[in-house]
Amino acid sequence: MRKSYVVEANSTASPETVFAVLADAPSWQKWAGPAVPQSGWETGAPAGGLGAVRLLGFGPLSSREEIVAYDPPHRLAYVLRSGEGLHHYRATVDLQAQPDGGTHIVWSGTVETTVPGLAAPLIMVFRRLVGSFAIKLARQAERTPPVH
């Protein structure tokens, strides 16, 4: 079964600045909240980019996410490499420049699983968690020096 979600947020920061914050795996622990007490690169350090794998979280609750699309400052997509035996998760973050110089953030994701009844609760968890990430990303980008 396959389920999807879309969450959105707005930032007064430019798409370049929002993308820089989003793509900087080590900084996630500073802005993403208690769900990400530690963050960094497993591979692809220090710059990340296409094919890099970021680690978010701590110990057995950490996730491994491979960057599968990297188009600054417009799009970053990743697949979750943790828990692949139960499900496949892919998310895309699209950054749309606004006329006022800000950014509209559209973060979407899909979960696909063959385990009966698992897709619906997983998508609820991802929607809530990623919704908070989108808002926190927008605010962190506003506090970050502009990138041009």
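**View 1. Helix α3 gives the largest pocket the largest share of its lining, six residues.** This is a predicted model, and here we look into its largest pocket, which holds about 360 Å³ of space. In total 20 residues line the pocket, and Ser63, Glu65, Leu80, Phe126 and Leu129 are the ones closest to its centre. Besides α3 (119-143), strands β4 (63-71) and β5 (75-80) each chip in at least two lining residues. Sorted by class, the lining comes out as 14 nonpolar, five polar and one charged.

**View 2. Trp107 meets Phe133 in one of the eight aromatic pairs found in the whole structure.** The two rings are tilted, with 40° between their planes and 6.3 Å from centre to centre. Trp107 belongs to strand β7 (residues 103-112) and Phe133 to helix α3, so this pair ties together distant parts of the chain, 26 residues apart. Both Trp107 and Phe133 are buried.

**View 3. Four rings make up one aromatic cluster: Tyr5, Tyr78, Tyr89 and Phe126.** Zoom in on Tyr78 and you'll find Arg54, whose charged end sits over the tyrosine ring, 4.6 Å from the ring centre. Phe126 is worth a second look too: this cluster member is also among the residues closest to the centre of the largest pocket.

**View 4. Helix α1 (residues 15-23) is mostly covered.** Of its nine residues, seven are buried. Pro15 is one of these, along with Thr17, Val18 and Phe19. Val21, Leu22 and Ala23 complete the buried set in α1.

Terms used. Residues numbered from 1 in each chain as written. Predicted model: local features only at pLDDT ≥ 70, side-chain atom pairs only at ≥ 80, totals over all residues. Heavy atoms only, no water. 1 Å grid on protein atoms, 1.4 Å probe; cavity = no way out; pocket = protein on both sides within 12 Å on 5 of 7 lines; lining within 4 Å. Points joined across faces, edges and corners; volume = space filled by probe spheres on them. Helix = DSSP H or I, 4+ residues; strand = E, 2+ residues; numbered from the N terminus. Nonpolar A, V, L, I, M, F, W, Y, C, P; charged D, E, K, R; others polar. Buried < 20%, exposed > 50% of the residue type's maximum accessible area, 1.4 Å probe, protein only. Phe/Tyr/Trp six-rings, centres within 6.5 Å; stacked < 30°, edge-to-face > 60°. Lys NZ or Arg CZ within 6 Å of the ring centre and 35° of its normal.
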